Structure formats: C-alpha cells, structure tokens
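I opened this entry to look up how one sheet is put together. I start with the strand order and then work through the pairings.

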Amino acid sequence: MVSADSAKTKPVFSPAPGTMPTACIALADGSVFYGRGFGAEGVAVAELCFNTAMTGYQEIMTDPSYAGQVVTFTFPHIGNTGINAEDDESNDPVAAGMVVKWDPTAPSNWRAAETLGAWLARRGRIGLGGVDTRRLTRAIRRQGAPHCAIQHAADGQFDVAALQERARAWSGLVGLDLAKDVTCAQSYRWDEMRWAWPDGYPRRTGAGHKVVALDYGAKRNILRCLASAGCDVTVLPATATADEVLAHNPAGVFLSNGPGDPEATGAYAVPMIRDIMARTALPIFGICLGHQMLALALGGRTLKMNHGHHGANHPVKDIETGKVEITSMNHGFAVDGQSLPNGVIETHVSLFDGSNCGIRMQDRPVFSVQYHPEASPGPMDSTYLFDRFVAAMAATA
C-alpha cells in the first residue's frame with residue numbers, strides 16, 4: 001500500500017493544454033490521469049485492466065466476466081460502430097467503466113441504433129476519453145492490474161485525494177465471489193442460435209441433446225453456440241445443487257464463464273461438480289471460470305495473474321494436435337498447470353506466457369478451456385469444442 005505522502009510524488013497526466021478535464025482516474029499507487037468524460041456521471045471503484053481487441057467493445061462491456069473491472073481499450077477507435085441491442089452479451093453493461101484514447105466518434109454502421117455515450121449514460125456506466133492509454137497500459141503491465149477509482153464530473157471538480165484513498169481501500173478481486181451477482185435469478189430455457197444473414201438469430205427447433213448450463217455469468221453467444229450445435233439448453237443459477245442439475249435428466253453439463261476469484265465461487269460450485277462426477281459419467285464442458293471450476297473440482301489450483309489476458313488476438317497451442325488457435329480471452333486468474341493431478345491432462349497452453357488454457361480427464365468425456373471459442377476471433381478456429389461436446393453426449397447416450 002502506498003502512503004499518502006508517497007502518493008503525492010506520483011505523476012499527474014492531463015489532456016491537451018486548454019482542455020478542461022471532466023473525468024479522472026486515480027490509481028492505488030497515487031497516479032492520476034485526467035480526460036474527458038462521456039456516458040454517466042459519477043464514481044466507480046474497481047480493478048483496472050486493458051483489452052487489446054480492435055472490435056467488440058459492446059460485447060466486452062456487457063460480458064459478465066468483467067464485473068468488478070474498468071476496461072482500458074488499447075485500440076483508439078472505440079464507438080465508431082455505435083451500439084445495437086443484438087450485440088449485448090447480457091442485459092446491461094457489467095464492466096464498471098471504460099477508458100479510451102480518443103473521444104468516441106459518431107457511429108458509422110448500418111446496424112447502429114444509438115451512440116456509445118448515450119448507451120453508457122442510459123445504463124449508468126462511466127466512460128473516459130482523451131486518456132494516454134499507452135502510458136496507462138504500461139502502468140498496468142508494470143505493477144499488475146491496479147485498483148482504481150474513476151469519476152466523470154461535467155463541472156471538472158474532483159477530490160483527487162478522496163479518489164486515491166478509495167482506490168487504495170478497495171479490497172480487490174482476490175477472495176471475491178462475483179458469480180452470485182451476475183447469475184440468473186431462476187432457471188430458463190434457451191433456444192436462440194448464432195446470428196445468420198439476413199434474419200439475425202434463428203430459433204432452434206426439434207429434438208436436441210439436453211444440456212444443463214450453470215450460469216456463473218454466461219455470455220449469450222456461448223448459449224447460442226450450444227443451441228446451434230444441437231443442444232436443448234436449460235440454464236440454472238450458479239448456486240444450483242447436483243440434485244437440481246440432475247433433476248433435468250441432462251445428457252451433458254456445461255460450466256459457463258464468469259467473474260471474480262474462482263476459489264471463492266468454488267466454495268459452492270466445486271462440491272456440486274464433484275457430486276455430479278461421483279454420481280454420473282455425464283460429459284462436462286467448461287469455458288473460462290467454468291474451466292477454473294472444473295480444475296479445482298479435479299484437484300488443481302488457481303492463481304491470480306499479474307495483469308491477466310484480455311483481448312482477441314491470443315495464440316493458444318493445442319498440445320495434442322500441434323494446432324495453433326487465435327483466441328479471445330478475458331481472465332485475471334488462471335489454472336496452475338503444475339498442480340493438475342494424475343489422470344488430468346493439460347491440453348492447451350498460451351503461446352504468450354505458457355499459462356494453462358485447457359484440460360481434459362484421461363478416462364472420461366470431461367474437458368474445458370480457458371479461452372472463449374464462441375467469440376470467433378479465428379474466426380472458426382475453436383468451434384470444434386462445441387462439436388466435441390455434442391459428440392461426447394451422442395457417444396454416451
């Protein structure tokens with residue numbers, strides 16, 4: 001923790017001379033960045049991360065895995081395709097705020113229904129423009145994902161010392177279970193499939209493999225990919241018990257993405273997964289937090305990363321085939337590949353830092369990946385995982 005005196009020596013970065021700042025971001029180490037606010041006015045406290053994707057800012061902001069985080073976008077052109085309801089990954093933006101290099105421009109896309117700024121304001125989320133995101137990204141890489149307090153004030157009045165103190169006082173994501181905050185309140189059926197020209201999202205009809213999806217913060221496009229692969233999907237809340245899962249007589253179980261510390265969510269998710277595996281031989285497929293839940297249930301460990309993986313250009317190697325996939329990632333915790341017990345095989349690794357990106361059981365159709373195959377940055381590099389899950393259910397039917 002940085003003292004108040006040492007914080008005073010930290011640099012303060014401002015927008016162009018003559019420009020009145022209407023937004024401020026204060027880091028826990030005392031650093032302060034000024035910019036121009038858009039979206040909602042107010043204050044938010046969260047972990048600061050950066051995302052290197054060049055597209056998909058709406059999907060990123062509505063991804064439940066970003067709960068408790070402010071996203072710095074390294075790509076400067078944010079807002080130029082506007083906002084449309086079809087691209088939401090959840091009902092509302094979940095990330096606490098966004099930081100961009102250039103002020104959002106007017107949208108230039110035939111699908112745009114409103115501007116980024118108007119959407120953020122309507123949904124109560126803060127945006128900061130005119131910020132030196134290159135310098136901010138270097139700070140995140142150097143010190144690890146820092147705690148921050150952001151404020152948008154149209155009158156340009158900021159209590160910087162109070163913002164710095166709020167950033168330092170925030171408890172952080174370690175030990176924090178956020179899945180309970182973003183999960184569904186009750187079970188529901190899902191039949192919407194992947195977007196297709198010209199009709200948008202078609203509905204799945206006919207028989208399908210019954211899948212129970214545990215919602216730790218599920219992205220809609222993951223559920224669409226399951227439906228498109230031939231799954232009859234029922235979504236249950238994160239806290240569902242094994243009895244509640246098995247009451248649906250599923251052919252397979254899916255563990256979704258989500259935010260927060262996997263060990264905290266694992267307090268209730270891990271016993272449920274172990275109970276299902278003890279009582280059945282059902283195929284299980286996990287993505288992101290679901291991958292971490294599965295690893296913990298199998299006896300592995302997770303750890304907090306320095307600044308995490310957030311972007312749509314992450315190369316991942318399939319160890320068993322030698323294939324390299326270009327993937328989308330969003331995680332600040334990772335499975336410790338060295339902790340995996342006998343009978344659990346590491347299947348994928350990041351080519352950026354060698355961290356674990358996939359596992360499978362040696363003798364059962366149980367597998368998971370850290371990255372997001374539904375996000376399609378490859379674009380189709382990783383869709384085989386949904387087909388693998390369906391094939392496993394067909395083989396065990």
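I looked up the strand order first. In this predicted model, an open sheet of 10 strands reads E9-E11-E10-E12-E13-E18-E17-E16-E14-E15, and its pairing is mixed. I then checked the edges. Strand E9 (188-190) and strand E15 (324-335) stand there, each with a single partner strand, so one side of each lacks a neighbour in the sheet. I also noted the twist: neighbouring strands are turned by 25° against each other on average, direction ignored.

Next I took strand E12, residues 252-255. Which way do its residues point? Gly252 and Phe254 point one way, Val253 and Leu255 the other way, and all are buried. I set this beside the general rule that side chains in a regular strand alternate between the two faces of the sheet.

Then I went through the partners of E12. Strand E10 (residues 209-215) pairs with E12 in the parallel sense, over four bridges. Val211 is the residue opposite Gly252. Strand E13 (residues 284-287) also runs parallel to E12, and three bridges join them. Here Phe285 in E13 is the bridge partner of Phe254. I traced the connection too. The chain leaves E12, passes through helix H9 (residues 262-279) and reaches E13, a right-handed β-α-β crossover.

Last, I followed E13 onward. How many bridges join E13 to strand E18? I found four, with E18 (residues 366-369) running parallel to E13. Ile287 has Val369 in E18 as its bridge partner. I closed with a general reminder: strands of a sheet pair through backbone hydrogen bonds, either parallel or antiparallel.

How values were computed:
Residues are numbered from 1 along each chain as its sequence is written. This is a predicted model: local features need pLDDT of at least 70, side-chain atom pairs count only at pLDDT 80 or more; totals for chains, interfaces and linings use all residues. Side-chain values use heavy atoms; hydrogens and water are left out. Buried means under 20% relative accessible area, exposed over 50%, partly exposed in between (1.4 Å probe, protein chains only). Helices (H or I, at least four residues) and strands (E, at least two) are DSSP runs, numbered from the N terminus. Two strands pair if DSSP finds at least two bridges between them. A crossover is right-handed if, with the strands pointing away from the viewer, the path from the first strand over the helix to the second runs clockwise. Axes are lines fitted to C-alpha atoms, for helices over the stretch in contact, and angles run from 0 to 180 degrees between N-to-C directions.
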